[in-house]
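Here is a short set of exercises to work through with the model open beside you. Try each task before reading its solution.

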Amino acid sequence: MTQTSTPASEKVWTLIQISDTHLMDQPELEFARMNPEQSFLEVVHDIQQRFPHIDAVVHTGDLAQVAAESTYQRYLQFMQTWNVPHYQIPGNHDDYLAIFPFYKNSDEAHAISFGCWTLILLNSAVKGRVDGWVEQKQLDQLEQLLLEHSKQYVIVTCHHHPFAMQSHWIDQHRLKNSEALKDVIARHTNVKMVLFGHVHQDSENEWQGVRYLSTPSTSVQFKPLSENFALDQAQPGYRVLQLKDNGEYQTYIQRVVLKQAKINTEISGY
Ligand SMILES: [Zn+2]
């Protein structure tokens, strides 16, 4: 696992995954009884406090709940003020064909490298559908990118979950050709993990030595193992990845206690 021949480097790359911000077209509007804008800003504030020096933020989709230009423009302005490299892939709620402003060639896989690590972005969103599919063209590109980056440690990202969450309603909306994706990944030894969102909860699977990890939403959480749609009391969160150039890494979920939730609890106590 560890390459001892790699030149010693103390550099640790810090990557943050956020997901499912579900921003509205107006910042004051609520989604599922929560203001997603406020929650997103509190999550980002937490990231900024804990990690003043990060190398990139990757957003794994459902940036917008209301896919309007004003939604994306607000997000974009905010990220530019934050001034960190940021990458976004579309989710089922994003209008990736018309106005999603980040991922212009949505039928293409994209690769970004940090030292000995490479992040590959895939689009699993399909217009008009809640479930996901990665087109054959992108699977071919993924295969090619994995060959080209055979000496790199690779993180693959998409929006939809390739593994069942044991939650009936969510699993109807999974990545429908996940076997095809897993087959490509299993043919290579350089993929360390696959990161995704969509399920609004933390989860972990391992298959053929590759970890498949989901990340909570920055807004509402879905109840794990639930047969029908249900929200969870868990706090929003994000994933932290600390990557060393020798292939070693650490990853974990950081939850954020919202100010708003605290205030509500206090008020309901009266
Ligand atoms: Zn989604």
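**Exercise 1. Two unusual backbone angles**

Is Gln 208 buried or exposed? Work this out, then compare Gln 208 with Asp 62, keeping in mind that the model is predicted.

*Solution.*
Step 1. Count neighbours: Gln 208 has 12 other C-beta atoms within 10 Å. The cut-off for an exposed residue is 12 or fewer, so Gln 208 is exposed.
Step 2. Place Gln 208 in the chain: it sits in the loop that links strand 8 and strand 9.
Step 3. Check the backbone. Most residues other than glycine have a negative phi. Gln 208 is not a glycine, yet its phi is positive, at about 55°.
Step 4. Turn to Asp 62, another non-glycine residue with a positive phi, here near 60°. Asp 62 lies in the loop between strand 2 (56-59) and helix 2 (69-82).
Step 5. Count again: 25 other C-beta atoms lie within 10 Å of Asp 62, so this residue is buried.

**Exercise 2. From a hairpin to a sheet**

Find the partners of His 110 and Phe 114, then place their strand in its sheet.

*Solution.*
Step 1. Strand 4 (residues 110-114) and strand 5 (residues 117-121) run antiparallel and are joined by five bridges.
Step 2. Read off the pairs: His 110 is opposite Leu 121, and Phe 114 has Trp 117 as its bridge partner.
Step 3. Look at the turn. Two residues lie between the strands of this hairpin, and Gly 115 has a positive phi near 55°.
Step 4. Widen the view: the open sheet has six strands in the order 4-5-6-7-9-8, with mixed pairing.
Step 5. Identify the edges. Strand 4 and strand 8 (203-207) each have a single partner strand, so one side of each lacks a neighbour in the sheet.
Step 6. Add the twist: on average, neighbouring strands of this sheet are turned by 20° against each other, direction ignored.

**Exercise 3. The two sides of helix 3**

Which residues of helix 3 are buried, and what do they pack against?

*Solution.*
Step 1. Start with the length: helix 3 has 13 residues and reaches 18 Å from its first C-alpha to its last, close to the 18 Å expected.
Step 2. List the buried residues of helix 3: Gln 138, Leu 142, Leu 145 and Leu 146. They span an arc of only 100° around the axis, which puts them on the same side of helix 3.
Step 3. Recall the geometry: an α-helix has 3.6 residues a turn, so residues three or four places apart point the same way.
Step 4. Look at the face turned away from the buried side, where the exposed residues include Lys 137, Asp 140 and Glu 148.
Step 5. Name the packing partners of the buried residues: strand 4, strand 5, strand 6, helix 5 and strand 7.

**Exercise 4. Helix 5 and its cover**

Repeat the analysis for helix 5, then step back to the whole chain.

*Solution.*
Step 1. In helix 5 (residues 178-186), the buried residues include Ser 178, Leu 181 and Ile 185. Their arc is only 65° around the axis, which puts these three on the same side of helix 5.
Step 2. Their cover includes helix 3 (136-148), strand 6 (153-157), strand 7 (191-196) and strand 9 (210-214).
Step 3. Now the whole protein chain: it has six helices and 13 strands. Its radius of gyration is 18 Å, close to the 18 Å from the globule rule for 270 residues, so the chain is as compact as a globular protein of that length.
Step 4. Finish with burial: buried residues make up 38% of the 270 residues.

Definitions and conventions:
Residues numbered from 1 in each chain as written. Predicted model: local features only at pLDDT ≥ 70, side-chain atom pairs only at ≥ 80, totals over all residues. Pairing = 2+ DSSP bridges. Helix = DSSP H or I, 4+ residues; strand = E, 2+ residues; numbered from the N terminus. Axes fitted to C-alpha atoms, helices over the stretch in contact; angles between N-to-C directions. Buried ≥ 20, exposed ≤ 12 C-beta atoms within 10 Å, placed from the backbone. Arc of directions from axis to C-beta. Contact = placed C-beta atoms within 7 Å. Rg over C-alpha atoms; globule rule 2.2 N^0.38 Å. Expected span 1.5 Å × (residues − 1).
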